[in-house]
Each structure stands twice: as structure tokens, then as C-alpha cells.
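Student: I should like a close look at one part of this predicted model, namely the surroundings of the ligand. Which residues surround the ligand, and which elements give residues to the shell around it?

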Amino acid sequence: MKLDDERAGRLILALRQQGVTDGRVLAAMEAVDRALFVHQKFLDQAWEDQALPIDCAQTISQPFIVGLMTQALDVQPRHRVLEIGTGSGYQCAVLSRLARYVYSVERYRSLLSEAEERLRALGADNVITRHGDGGLGWPEQAPFDRIMVTAAAPGEPTELLKQLKPQGVLVAPVGRGSVQMLHRYVGQGDGSFRRESLTEVRFVPLVEGLAKEG
Ligand code: SAH
């Protein structure tokens, strides 16, 4: 545990130096043990600033990107947040420490059940999950204060923007290539959104429909 504490401290410091300066975001990331979300064989790299493979040819995002996206989302304690792409559940666990409720959608049932188990073990009881196509959002629970998409949307996430509150914020990688632009949409209160480009990122694509599993 001592070794992990040191590694965690070092990673948090590095994130701060790279521009993740929001103390609540850093505290949430320090509190969530990333080692619980990675494969046994990558345990040594759990606190390194790199993306790692998870099952179903997906990835757990690089901590710097998790920090950057979480900071850009500006989550407040009373917020209901929608996350698309539960994956390992790591980003979800970080969000669950900042928001009132986190709704998370994943198209692979097997990834979702593993993530649910981890989140339960962590006591993240404000997370509600769903096996579904996140491109369609979660209309029954809309509108959301914040929406984070952790897979690359091919174009403007119009369906999801409809499920955002008028003053809401949505963060999503957008693009069809292997490199996408991380966009932040900020609701202007009149149904329109101001779009900002944050940085280039590499995410797995947002894929339509439920995943077929063997
Ligand atoms: N937030 C995750 C990152 C997972 S990678 C983490 O912290 O580990 C992106 C995830 O999005 C993958 O698990 C992939 O299966 C999922 N995904 C892709 N398209 C999707 C869709 N249409 N609906 C729901 N999940 C989707």
C-alpha cells in the first residue's frame, strides 16, 4: 500500500503540473485506486499516466485525460451526470465522488458487470448503470446537468445535447479518425450551445447498438 501511495502522489503531482489544477478533481483521482480497474498483468502500470487495454478490445483512459475531462465538465455536488462508455468503471468512480448521481451506459454487458462489481466494492452507491446504446443517451433520466462521452462520437452529439439542461455542460471527443478533437459544449440557457475545442485525443469509437458477445 505504501508503494501505491507514493505512486499515486507522484501521478497527482504530474497531473497538476500538466494543468489539472482543480483540487476536487485531484482529490477524487487520488482517492480512487486505479489498480482496482486494470488487469492483473498491468498492476505495475496502474499509477502510470497511460491508457491501458481492458477486455473487449477497449481501454481505460490515460489519467491525464480523465483529469482534463473531469475538470472541463465542472461537476458540482448536486449534479446528475450521464457518462457514456462505462468501460472499466474508473471514470465513473471518479465522477461518483464529485456528483450527486452518476448514470453510466455501456454497450458490452460483460464490461458493465465487471465495472458494477468494482463500483459496488468501492461503495459507490450513487451510480446507476445501464446496458444500452449510449449514443441514444438515457431519455428516461434526462435532463442531465453534465454529460461526459468517453468514446469518440463520429459527429456532433445532437441526441445527447437534447438531454442536457439549458445551462449544462457536455464533454466529448468528436471525430472519425484515430485522433479526435475533445469538445466542450456549454449551454447558453436558450437552447443553444457554445462549442470549445480543448485538445486532441485518441479514443475508441462510439459504436451504434449493443455489442454482440460470445
Ligand atoms: N470510461 C471508461 C473508458 C472506456 S473506453 C473507463 O474509465 O474505463 C470506451 C467505452 O465506451 C468502451 O467500454 C466501449 O465499449 C464503450 N462504448 C462505445 N460505444 C458505446 C455506445 N454506443 N454505448 C455505450 N458504450 C459505448
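Tutor: The answer below begins with the ligand and its shell, and then turns to a helix and a loop residue elsewhere in the description.

In this predicted model, the ligand is surrounded by 26 residues. The closest of them are S88, E106, D133, G134 and V207. By character, the residues of the shell divide into 10 nonpolar, 12 polar and four charged.

Two of the closest residues, E106 and D133, also place polar side-chain atoms beside the ligand. For E106, a polar side-chain atom lies 2.7 Å from an oxygen atom of the ligand. For D133, the partner is a nitrogen atom of the ligand, at 2.9 Å from a polar side-chain atom. Q91 contributes through its backbone instead: a backbone N or O atom of this residue lies 3.1 Å from an oxygen atom of the ligand. As for the cover that the protein provides, the ligand taken alone exposes 580 Å², and the protein buries 99% of that area.

The space taken by the ligand is the largest pocket. The elements that give two or more residues to the shell around the ligand are β2 (58-60), α4 (90-96) and β4 (101-106). Of the shell, the largest share comes from β2, with three residues. By their numbering, Q91, whose backbone approaches the ligand, falls within α4 (90-96), and E106, whose side chain does so, falls within β4 (101-106).

Helix α3 spans residues 63-73 and is mostly covered, with 10 of its 11 residues buried. The buried residues of α3 include the run P63, F64, I65, V66, G67, L68, M69 and T70, and also A72 and L73. Just after α3, D74 takes a positive phi of about 50°.

A loop residue completes the picture. N126 lies in the loop between α5 (109-121) and β5 (127-131). Is N126 buried or exposed? Its relative accessibility is 10%, and because buried means under 20%, N126 counts as buried. The side chain of N126 has two backbone oxygens as partners: a polar atom of this side chain lies 3.2 Å from the backbone oxygen of A99, and the side chain also reaches the backbone oxygen of R100 at 3.2 Å.

Definitions and conventions. Residues are numbered from 1 along each chain as its sequence is written. This is a predicted model: local features need pLDDT of at least 70, side-chain atom pairs count only at pLDDT 80 or more; totals for chains, interfaces and linings use all residues. Side-chain values use heavy atoms; hydrogens and water are left out. A residue is near a molecule or strand if one of its heavy atoms lies within 4 Å of it. A polar contact is a pair of N or O atoms within 3.5 Å; within protein, one must be able to donate a hydrogen and the other to accept it, and residues adjacent in sequence count only if both atoms are side-chain atoms. Accessible areas come from the Shrake-Rupley method with a 1.4 Å probe; for residues, only the protein chains shown count as cover. On a 1 Å grid over the protein atoms alone, a cavity is a set of points where a 1.4 Å probe fits but cannot get out, and a pocket is an open set with protein on both sides within 12 Å along at least five of seven lines; lining residues have an atom within 4 Å of a point. A molecule sits in a cavity or pocket if more than half of its atoms lie within 2 Å of its grid points. Helices (H or I, at least four residues) and strands (E, at least two) are DSSP runs, numbered from the N terminus. Ala, Val, Leu, Ile, Met, Phe, Trp, Tyr, Cys and Pro count as nonpolar, Asp, Glu, Lys and Arg as charged, and the others, Gly among them, as polar. Buried means under 20% relative accessible area, exposed over 50%, partly exposed in between (1.4 Å probe, protein chains only).
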